[in-house]
Structures are given as C-alpha cells and as structure tokens.
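Hi everyone, and thanks for coming. I'd like to walk you through a structure that may be new to you. Let me put it up on the screen.

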Amino acid sequence: LRETAGGVEVIAGRRRLAFDRLVVCAGLGTDTVARMAKAAGNVRIVPFRGEYYALAGTSKDLVRGLIYPVPDPRYPFLGVHLTRRIDGEVLVGPNAVMALALEGYSWRDVDLTDLRRILTWKGTRRLAARHWRTGVREVAGSVLKGSFLAAARRYVPELTGADLVRTTGGVRAQAVAGDGSMLDDFAIDVHGRVVLVRNAPSPAATSSLAIARHIVGLTSVLTN
C-alpha cells in the first residue's frame, strides 16, 4: 500500500489497484494495514476470544428471551449472558480471554509474531497491570467448565454441567490505547489519503449510515 501523487495504490498479489482515497476497515488486520500506510498511531488491536456454550435438550426451555447482565462500565464486554436465537438454540457466553494470535480461535492457535507484537505494545502491558484479576477469572472460565457454569447460574440457577455443550466462538478486535484503556467508541485516523477505522464498537454502529456519512466527510476533506 502506498500513496502516489494522485491517490493510493494497493498491490494485492499480481494486481495493482488505484484509488483516489482509501478507507480501511480491517478488523483484526487493522495494525497490519496501518503499518503498510506508515501510520502506526497510538492504538493497537488486542484480540480477545469469546467462547460459547449452547444449551442442550430441554434446558433450552428455561430461556425464552435474552438474559443480559448490567454492563460494567470498566469494560466493553458484557460478560457471560444467555441469548435465545430465532432458531430456538440458546447460546451461553461469551467470556473474554486474550487470544494468542490475531486469529486465535482456540488455545491451540498460537502465532509467535502476533504474540510478540501484542505483548510488547505498551498498551497491552498497562491493560494487564490494571485488570489482571479480571483476566485470571476469564481464563478460569475458559479452562474450567465449572467456572463458566457458575457465571451462567447467576441468571438461571437450574442449569447443570450436562446442560452446557461447547460451540463455536469468535475473536473480537479490541482496540487498546497506549495508556492501557480499552476503547468503546469509534477511533478514526486520517493519514494522507488513507482513512483508518481503528475501532468500530458494535454491529449496530458499523451498519449506521450516519457513520458512513461521517467517514465520507473525512475523505472529502483530504482533497478539498
């Protein structure tokens, strides 16, 4: 990725793509693209894996809607909650554990290059120093089913270990500032003709036409 006199050139394999302006919404790949644009900035992506269980058998009948905790304002994560889907399945989770790779969907997924960049970022170290107790609890919920179950039973006491079946999880591209704070609002940087959307906190916000108009407004400034 490089800026030219008249725009931005993106080289993808054997293809060369030319743009007047470039808007980057790369999720877990944000830092990689930012390095290409020579725009390191003071925000980095720290991947947090969210793990889920699904309710099995008749235990699904215990949950007829959405059971959510009151959010803790210190964190962008809700914590373990219960969600009944339109197909009748009920998800329990997610927790939030730092992944060992940008695409670390399990404990077995380890990328030493990713891990080195994550751990050497000053924001990660400050985040860990500030919230290590919460981190230990989240790891316990990941490796000990009983700990995860206890979190779910705060809302549905009738649940047992047999009711929880491990299912697919995901990885959240959590933006962390240099001071160790986890961003829960949009973070958008303009670097030349490149606009980097470093943090987009929710599906509702990322599909908002108002946000699209705001970003278009930023790109318009670049050449006016």
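The protein chain has six helices and 12 strands. Please keep in mind that what you see is a predicted model. The C-alpha trace spans about 65 × 35 × 35 Å along its principal axes. Of the 224 residues in the chain, 38% are buried. If we take contacts between residues at least 6 apart in sequence, 65% of them join residues at least 24 apart.

Let's start with one helix, α2, which runs over residues 112–120. Which residues of α2 are buried? They are Asp114, Leu115 and Ile118. These three lie on the same side of α2, because they cover an arc of only 95° around the axis. What do the buried residues of α2 pack against? Their partners are β5, β9 (97–98) and α3 (122–143). Now turn the helix around: the face away from the buried side carries Leu112 and Thr120, which are exposed. There is also a cap at the N-terminal end of α2, provided by Asp111. A side-chain oxygen of Asp111 lies 3.0 Å from the backbone nitrogen of Thr113.

Next, the aromatic rings. A ring pair is described by how far apart the centres are and by the angle between the planes. The count here comes to two aromatic pairs. One of them is formed by Phe48 and Phe77, with 5.1 Å from centre to centre and 50° between the planes, so it is classed as tilted, the class for angles that are neither under 30 degrees nor over 60. Where do the two rings sit in the chain? Phe48 is in strand β5 (residues 43–55), while Phe77 is in the loop between β6 (66–67) and β7 (81–84). The two are 29 residues apart, and the pair links distant parts of the chain. Are these residues buried or exposed? Phe48 counts as buried because its relative accessibility is 11%. Phe77, at 19%, also counts as buried, because the cut-off is under 20%.

Two tryptophan rings have a charge sitting over them. The charged end of Arg44 is over the ring of Trp121, 4.3 Å from the ring centre. The charged end of Arg49 is over the ring of Trp107, at 4.7 Å from the centre.

That brings us to charges meeting charges. Side chains of opposite charge can pair when their charged atoms come close. How many salt bridges are there in this model? The count comes to eight. Let me show you three of them.

The side chains of Glu9 and Arg16 meet at 3.5 Å, N to O. Glu9 is buried, at 16% relative accessibility, whereas Arg16 is exposed, with 54%. Both residues also belong to a network of salt bridges that includes Arg2.

Then there is the bridge between Arg166 and Glu51, at 3.8 Å, N to O. Arg166 is in strand β10 (residues 164–177) and Glu51 is in strand β5, 115 residues apart, so to speak of distant parts of the chain being linked is fair here. Arg166 counts as partly exposed at 42%, and Glu51 is buried at 8%.

The third bridge joins Arg198 and Asp189, whose closest N and O atoms are 2.5 Å apart. Here Arg198 is buried, with a relative accessible area of 3%, and Asp189 is partly exposed, with 29%.

Now for a residue that ties several of these together. Ser142 lies in helix α3, and it is buried, with a relative accessible area of 5%. What does Ser142 touch, leaving out residues up to four places away in sequence? Its contacts are Arg49, Glu51, Asn95, Val97, Trp107 and Arg166. You have already met Arg49 and Trp107 as a charge over a ring, and Arg166 and Glu51 as a salt bridge.

My last stop is Val90, in strand β8 (residues 90–93). Val90 is buried, with a relative accessible area of 0%. Leaving out residues up to four places away in sequence, Val90 touches Tyr53, Ala54, Leu55, Lys60, Val63, Thr83 and Arg84. The C-alpha atoms of Val90 and Ala56 are separated by 8.4 Å, although the two residues are 34 apart along the chain.

Thanks for listening, and I'm happy to rotate the view for anyone.

Key: Residues are numbered from 1 along each chain as its sequence is written. This is a predicted model: local features need pLDDT of at least 70, side-chain atom pairs count only at pLDDT 80 or more; totals for chains, interfaces and linings use all residues. Side-chain values use heavy atoms; hydrogens and water are left out. Rings of Phe, Tyr and Trp (its six-membered ring) pair if their centres lie within 6.5 Å; planes under 30 degrees apart count as stacked, over 60 as edge-to-face and the rest as tilted. Helices (H or I, at least four residues) and strands (E, at least two) are DSSP runs, numbered from the N terminus. Buried means under 20% relative accessible area, exposed over 50%, partly exposed in between (1.4 Å probe, protein chains only). A charge sits over a ring if NZ of Lys or CZ of Arg is within 6 Å of the ring centre and within 35 degrees of the ring normal. The arc is that of the directions from the helix axis to the C-beta atoms. Contact means heavy atoms within 4.5 Å. A polar contact is a pair of N or O atoms within 3.5 Å; within protein, one must be able to donate a hydrogen and the other to accept it, and residues adjacent in sequence count only if both atoms are side-chain atoms. A salt bridge is a side-chain nitrogen of Lys or Arg within 4 Å of a carboxyl oxygen of Asp or Glu.
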